[in-house]
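This report introduces the structure shown here to a reader who has not met it before. Please keep the sequence and the model in view while reading.

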Amino acid sequence: MGISHVLFILFSVLILGGGVMVVTRRNLVQAAGALILTLFGVAGLYVLLEAGFLAAVQILIYIGAIAILIIFAVMLTRRLADEQEPGLNSQWAWALGTAVMALAILVIVIQGTWPLAGGVVGNAPPLTGDSTSRLGVALLSPEQYAFPFEVASVLLLSAMLGAIVIAREKRH
Amino acid sequence: MEGFDVANLFVSIGQVWTGFLVNLGLSSQWIAFVNKLVAALLLTALPVTIVVFTIMGERKIIGRFQDRLGPNRVGPYGFLQTVPDVVKLLTKEIITPTNVDKVMYNVAPALSVIAVILIWAVMPIAPSMIGVDLDIGVVYFLAVSSLATLAILLAGWSSNNKYALIAAFRTVSQLVSYEVPLVLSLLVPVMLASSLSMNDIVQAQSRGWFVILAPISMLIFFISGTAEVGRSPFDLLEADSEIVAGFNIEYSGMRFAMFFLGEWIHAFTFCALTATLYFGGWRGPFVDQVPALGALYFFAKMFILYLIHIWIRATMPRFRIDQMLAFSWKFLVPLALVNVAVMALATKLLAPPDLSASFWATLPRWGGFLGVNLIMAVGTFVAVREVARQARRKEEEVSGRFGSAAVVQE
């Protein structure tokens, strides 16, 4: 068992423990704090997979932006941060069904696309060259991912415009 | 000491140290481990040590700016003032108020220091003297410095105090707003060096600092960096006269000091980043012959930029919150966007001449970049003047029609 195994177990405990705490904590800000632990663990896994750029972006976007916005939103809604608030509302059955379905789809897709072959885990050929620059080229070259990349940008832009339109004060 | 090379001072010290470890009979694996540990400890100790000097220097300099003497009682010219200050802070009682969120309340001060010290891991201090030369150095710096926002937010919320919470809200709006122009201006040195690694960015400045090629980008970086540090004129998160003290109001003793430690380290760390990204880092005369000089140049540039930073801090009054946000979103962000687009085009068109080219052959490229930046600067001034003129005209129209009372209502 090398150092990477120890780190893998450590990050997995961080992810799963954080995940459990997100669901069980009554206080929503504390739950958001646990979510940050989980996201940090995921970034750690990316580092173990030698995907440094992805790890940095994970911290930058998920912890630096999304988690902070979640905490911000929770703090603005006083009642939600109350400990007396029940953990479940009337939609729990729908949420459970959706979660199980999403998990099933993920398992099926991952099994179909990248089947786990027993014994070869950890023997993948090491990455060669600069993965960050290859990622950049892949995202911006027309024959690879330029189109999905731009579509995602337009989607985010339209979401931002929509938020501005909704939040804008009506001028009488 | 045989073969001790002063020119390669730091490399020589490293060799002597490694030789000492070999003499102890350690295996090569252990030596590598111990060396990494020592390097990490040194990189952590370095910013904390520099802080002691910058606190003294800054208090004296700001005193002079404000026409007073500054601390002058402890030691010669008051230069030992920090020592009793630190002793006082360390011995003060640490009070935990009753209704705070204990975990977050205790994590926040440490996190605010950790976030800025982590930046030093990718800081190229001298040739081949860098913690880790990550190929994503710049993104790493952005990622870890975003943790500082989190620290202030956690401190503000967990303190269970309305002023602390208001400060936390202000912090999020300020730091998130100014992160946008910061990232956009950072793209320019990355494009010019065509690498995200800090070391490569310094190497790429061998034929001229990026401040000559991209002065506008440097200014945007410096302004939004000042806002990220949260110092005057952007010190809205700890505005004493408005929100008592801000996010740190419920903290005492060393925990309180940790936030200030974080802020002070952040201040000169970001000056060090500006020096690295735009002013050639450790580059300077004779560095190729005497690599140890690099550290000297690096720190000299850092402290000169820090002096400018202090100058701004001592001179400018605090922004109002709407002015602060408008300045980022209505001025810096559009300018940074235009800047990125124009500089991308310029980088593509004005390809760097090969390194063998003479000094004169590189001049058209420099002139081209300077010209592009000049056009952008003039365009910005014209646009800002036009916007201000229109606003003034509108105001005059309103007050002309309804008298001055209408303006107040407007």
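## Loop residues of chain B

B:Asp67 is exposed, because 6 other C-beta atoms lie within 10 Å. By the convention used here, a residue is buried if 20 or more other C-beta atoms lie within 10 Å of its own, exposed if 12 or fewer, and partly exposed in between, with C-beta atoms placed from the backbone. This is a predicted model, in which local features need pLDDT of at least 70, side-chain atom pairs count only at pLDDT 80 or more, and totals for chains, interfaces and linings use all residues. Residues are numbered from 1 along each chain as its sequence is written, while chains are lettered from A and ligands numbered from 1 in the order in which they are written.

B:Asp67 is found in the loop between α2 (28–65) and α3 (82–91) of chain B. Helices (H or I, at least four residues) and strands (E, at least two) are DSSP runs, numbered from the N terminus. B:Asp67 is not a glycine, yet it has a positive phi of about 60°. Most residues other than glycine have a negative phi. B:Ser194, also not a glycine, has a positive phi of about 45°. The loop that holds B:Ser194 runs between α6 and α7 (198–203) of chain B.

A further loop residue is B:Phe319, placed between α12 (293–315) and α13 (321–349) of chain B. Which residues does B:Phe319 contact, leaving aside its neighbours within four places in sequence? They are B:Pro233, B:Phe234, B:Leu236 and B:Met324, where two residues are in contact if their C-beta atoms, placed from the backbone, lie within 7 Å. B:Leu213 is 106 residues from B:Phe319 along the chain, and their C-alpha atoms are separated by 31 Å.

The table lists the C-beta neighbours of the three loop residues.

| Residue | Other C-beta atoms within 10 Å | Class |
|---|---|---|
| B:Asp67 | 6 C-beta atoms | exposed |
| B:Ser194 | 13 C-beta atoms | partly exposed |
| B:Phe319 | 19 C-beta atoms | partly exposed |

## Chain B as a whole

Chain B contains 15 helices and 0 strands. Its radius of gyration, taken over C-alpha atoms, is 24 Å, which agrees with the value near 22 Å for a compact globule of 410 residues; the globule rule is 2.2 Å times the number of residues to the power 0.38. The C-alpha trace of chain B spans about 90 × 65 × 40 Å along its principal axes. Of the 410 residues in chain B, 40% are buried. Among contacts in chain B with a separation of 6 or more, 74% involve residues 24 or more positions apart.

The domain assignment of chain B gives domain 1 (86–332) and domain 2 (350–410); such bounds come from an automatic or database domain assignment. Taken over C-alpha atoms, the centres of these two domains of chain B are separated by 27 Å. Each domain contributes 7 residues to the contact between them. On the side of domain 1 of chain B that touches domain 2 of chain B, α8 (210–213) and α9 (215–229) of chain B each supply at least two residues. That side divides into 5 nonpolar, 1 polar and 1 charged residues. Here Ala, Val, Leu, Ile, Met, Phe, Trp, Tyr, Cys and Pro count as nonpolar, Asp, Glu, Lys and Arg as charged, and the others, Gly among them, as polar.

## Where the chains meet

The contact between the chains takes 18 residues from chain B and 17 residues from chain A. On the side of chain B that touches chain A, the elements giving two or more residues are α5 (137–158) and α6 (162–193) of chain B. α5(B) gives the most to this side, with 10 residues. The residues on this side of chain B are 14 nonpolar, 2 polar and 2 charged.

## Chain A

Chain A is divided into domain 1 (1–85) and domain 2 (131–172), and the C-alpha centres of these domains of chain A lie 24 Å apart.

The axes of helix α2 (residues 28–48) and helix α3 (residues 52–76) of chain A come within 9 Å and cross at roughly 175°. Axes are lines fitted to C-alpha atoms, for helices over the stretch in contact, and angles run from 0 to 180 degrees between N-to-C directions. α2(A) and α3(A) are therefore roughly antiparallel to each other, a term for angles over 145 degrees. The residues of the contact of α2(A) with α3(A) divide into 21 nonpolar, 2 polar and no charged.

A:Gly44 is found in helix α2 of chain A. Is A:Gly44 buried or exposed? A:Gly44 is buried, because 20 other C-beta atoms lie within 10 Å. Not counting residues up to four places away in sequence, A:Gly44 touches A:Leu7 and A:Phe11.

Conventions:
Parallel < 35°, antiparallel > 145°, perpendicular 65-115°, else oblique.
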